[in-house]
Amino acid sequence: FCTADSRHGFLPALKQMANVAALPGIVRQSIGLPDVHSGYGFAIGNVAAFDMTDPAAVVSPGGVGFDINCGVRLLRTNLSEADVAPVKEQLAQALFDFIPVGVGSQGVIPTSSLALQEALELGMDWSVREGYAWAEDKEHCEESGRMLAARPEAVSARAKKRGLPQLGTLGAGNHYAEVQVVERIFDKSAAAAMGIEWEGQVCVLLHSGSRGLGHQVATDALVAMEKAMARDGIATNDRQLACARIHSDEGKHYLAAMAAAANYAWVNRSSMTFLCRQAFARQFNCTPDELEMSVVYDVSHNIAKVEEHMVDGAPRTLLVHRKGATRALPPHHPLVPVDYTFCGQPILIGGTMGTCSYVLTGTTAAMAETFGSTCHGAGRAQSRARSRRCLNHEQVLEALRSKGIAIRLASPKLVMEESPESYKDVSQVVETCQEAGISNKCVKLRPIAVIKG
């Protein structure tokens, strides 16, 4: 579904996937999902698993990405489109006012150095303790919002300095907050389990990650791993695939720092959830409780995790790298929240600016075929530079307004990079995943208000 030429689309991604297949300790194959496109080291939409018991197996920051635990969170409400439509411009402005957006944006969540250390270690437990999250939010979050392997001391002072002022910020690029309306329910039973009960119900989708802190953790690790590769005689087909043995000092240090950055991302999305709830409460003169603004689920799509999988009929402990890929657990899996036991893990697929998004559910086939993974979004069809050259930001904005979408932007001239024309068709990507059996469609949502950096 990629219409770009060979410089920006499928062929460079295919080469990157092949390079990943040659990394030491890889299990089975390097997997590309329907939204795959070229990235740094690994392609975006690339999944690869490495055997934790193999002393030669590696971990690669390129298999996670610079925005560690970039992910998506869906909130539901008890509002209908008829309740929101008359005030969607005011609501969009309220969200824009409450949630800091844009490159270098600074948060309004007061954070000291000690609080940051605790947030890096505790993840969403810190958010609950400080009153920025509801206790039940954790139950509907991947890893319950906390990776226990996190070690704040593994995160450099430079990374902490970058992360300190950014808690509760959206950032820029493809990150967004959207007010959405349920357009179609494909699986009523699964949707009801998620609290999505009628077409026209209003939801909120938040997409952000670990901001500058995660970027610095990845940068620090790449420098350290290049030295480790020379020392240990590790050769790769691409310099961007810098890596280290999983059980080396560099490998363990990166995994501990990556886990801390992942915790930061969950705290960041929890802080934005708090701000979003406040914006809705002010607009509708109700408490967030009265609006039933519960978290449906929170998924990660840039992360590496230790997981148990069946390989050749036997259980194996693997380090699964998911870059631009979402975990997709089936019904009755022990890691699925009890509320979703019978439908499987919710999978949140964010669309591009102004296009639809989806909620999917995991399948048994995904466990067998893709280490329990599916797509994460539409996937780019052309580079950011090409989008800036070929598109006009005023035309893009007018196209959104013509669809009845309220939009607030910190950087209007960067909007071309995130226009629908810059991406594949998310509906085709989702349909391909369904046909492949690695996820099932549950709910389709369309945006009525978009807030971007």
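Reader: Which residues make the nonpolar surface patch of about 280 Å²?

Author: In this predicted model, phenylalanine 10 lies in helix H1, which spans residues 10-21. Its relative accessible area is 42%, and because buried means under 20% and exposed over 50%, Phe10 counts as partly exposed. The nonpolar surface patch of about 280 Å² is made by Phe10, Leu11 and Leu14.

Reader: Which element gives the largest share of the largest nonpolar core?

Author: The largest nonpolar core has 56 residues, and those with the most contacts inside it are Trp126, Val217 and Tyr254. Among the elements that give two or more residues to this core are strand S2 (44-51), helix H4 (113-122), helix H8 (211-232), helix H9 (249-284) and strand S9 (302-311). The largest share, 12 residues, comes from H9.

Reader: Which residues are in contact with valine 217, leaving aside its neighbours within four places in sequence?

Author: Val217 is one of the residues with the most contacts inside the largest nonpolar core, together with Trp126 and Tyr254. With neighbours within four places in sequence left aside, the residues in contact with valine 217 are Ile68, Val155, Ala159, Tyr254, Ala257, Met258 and Ala261.

Reader: How many residues has the second, separate core?

Author: Apart from the largest nonpolar core, which has 56 residues, there is a second, separate core. Val87, Leu95, Val202 and Val295 are included in this second core, which has 31 residues.

Reader: Is threonine 273 buried or exposed?

Author: Threonine 273 has its place in helix H9, and, with neighbours within four places in sequence left aside, is in contact with Arg73, Leu75 and Leu206. The relative accessibility of threonine 273 is 0%, and since the cut-off for a buried residue is under 20%, threonine 273 counts as buried.

Reader: How far apart in space are threonine 273 and glutamate 250, C-alpha to C-alpha?

Author: In sequence, threonine 273 and glutamate 250 are 23 residues apart. Their separation in space, taken from C-alpha to C-alpha, is 34 Å.

Reader: Why do the buried residues of H12 lie on the same side of the helix?

Author: Helix H12 (residues 393-402) has His393, Val396, Leu397 and Leu400 as its buried residues. In an α-helix there are 3.6 residues a turn, so residues three or four places apart point the same way. The buried residues of H12 are on the same side because they cover an arc around the axis of only 95°.

Reader: Which exposed residues are carried by the face of H12 turned away from its buried side?

Author: What covers the buried residues of H12 includes strand S15 (406-409). The face turned away from that buried side carries the exposed residues Glu394, Gln395 and Ser402.

Definitions and conventions: Residues numbered from 1 in each chain as written. Predicted model: local features only at pLDDT ≥ 70, side-chain atom pairs only at ≥ 80, totals over all residues. Heavy atoms only, no water. Patch = residues over 30% accessible without salt bridge, like charges linked within 9 Å, V, L, I, M, F, W, Y side chains within 5 Å. Areas by Shrake-Rupley, 256 points an atom, 1.4 Å probe, with all protein chains shown as cover. Salt bridge = Lys/Arg side-chain N within 4 Å of Asp/Glu carboxyl O. Helix = DSSP H or I, 4+ residues; strand = E, 2+ residues; numbered from the N terminus. Buried < 20%, exposed > 50% of the residue type's maximum accessible area, 1.4 Å probe, protein only. Core = buried A, V, L, I, M, F, W, Y, C linked by side-chain atoms within 4.5 Å. Contact = heavy atoms within 4.5 Å. Arc of directions from axis to C-beta.
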